[in-house]
Amino acid sequence: MSPTIVTKDGKAVMVIGTPGGSRIITATLLTILNVIDYKMNIQEAVNAPRFHQQWMPDTTNLETFALSPDTQKILESWGHKFAGPQDANHLAAILVGAPSLDGKPVGNNRFYGANDPRRNTGLSLATKPRQSRGQPPLFCSTEEYFLKSRACQSRQIST
């Protein structure tokens, strides 16, 4: 696991990590670049196709749609070798403040989670503050929250 904290002006804006041996750095970096450079929201960035190259073996592993066919063809003409994807990483990420870096918060929410769908082994969680003090926050999956599901309105985290 490589927990990585991304900061801006001394404050945490993203926390991300994944197990996966030699693929940890690649998966983590690609996701961070997707959020910062390509302006994806946190779930889009985690879901985006990935590639991995680690020098030995001299082959780049590609997920479907990681490269356009014309880009792959150009790289092959330069001697690059490609293979299918390796076993999937399982990224988990949290963006602080809004679902995307330049986005607006949804209601009073402060943390936006994303869970990698490649292994189907968990959910990200969004908490919804309660109006009165002392009540535990409501919780729901990020998908339920953004769809404004009624299930999100009724579950509580035990405190």
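**Group meeting: surface, confidence and a cavity**

Okay, so the protein chain exposes about 10200 Å², and carbon and sulfur atoms supply 56% of that. Those areas come from Shrake-Rupley with a 1.4 Å probe. Now, this is a predicted model, where local features need pLDDT of at least 70, side-chain atom pairs count only at pLDDT 80 or more, and totals for chains, interfaces and linings use all residues. Residues are numbered from 1 along each chain as its sequence is written, and side-chain values use heavy atoms, with hydrogens and water left out.

How far do we trust it? The mean pLDDT (the predictor's confidence in each residue, from 0 to 100) is 82 for the chain, with 75% of residues at 70 or more. Helix α3, residues 69-77, comes out highest at 97, while helix α5, residues 150-154, is lowest at a mean of 48. Helices here are DSSP runs of H or I, at least four residues, and strands are E runs of at least two, numbered from the N terminus. We have five helices and nine strands.

On to the cavity. On a 1 Å grid over the protein atoms alone, that's a set of points where a 1.4 Å probe fits but cannot get out, and lining residues have an atom within 4 Å of a point. There's one of 30 Å³ or more, and the largest holds about 120 Å³, volume being the space filled by probe spheres set on the points, joined across faces, edges and corners. Thirteen residues line it, with Arg23, Arg50, His52, Glu63 and Asn89 nearest its centre. Both α1 (24-36) and β3 (51-53) supply at least two lining residues each.

Definitions and conventions
1 Å grid on protein atoms, 1.4 Å probe; cavity = no way out; pocket = protein on both sides within 12 Å on 5 of 7 lines; lining within 4 Å.
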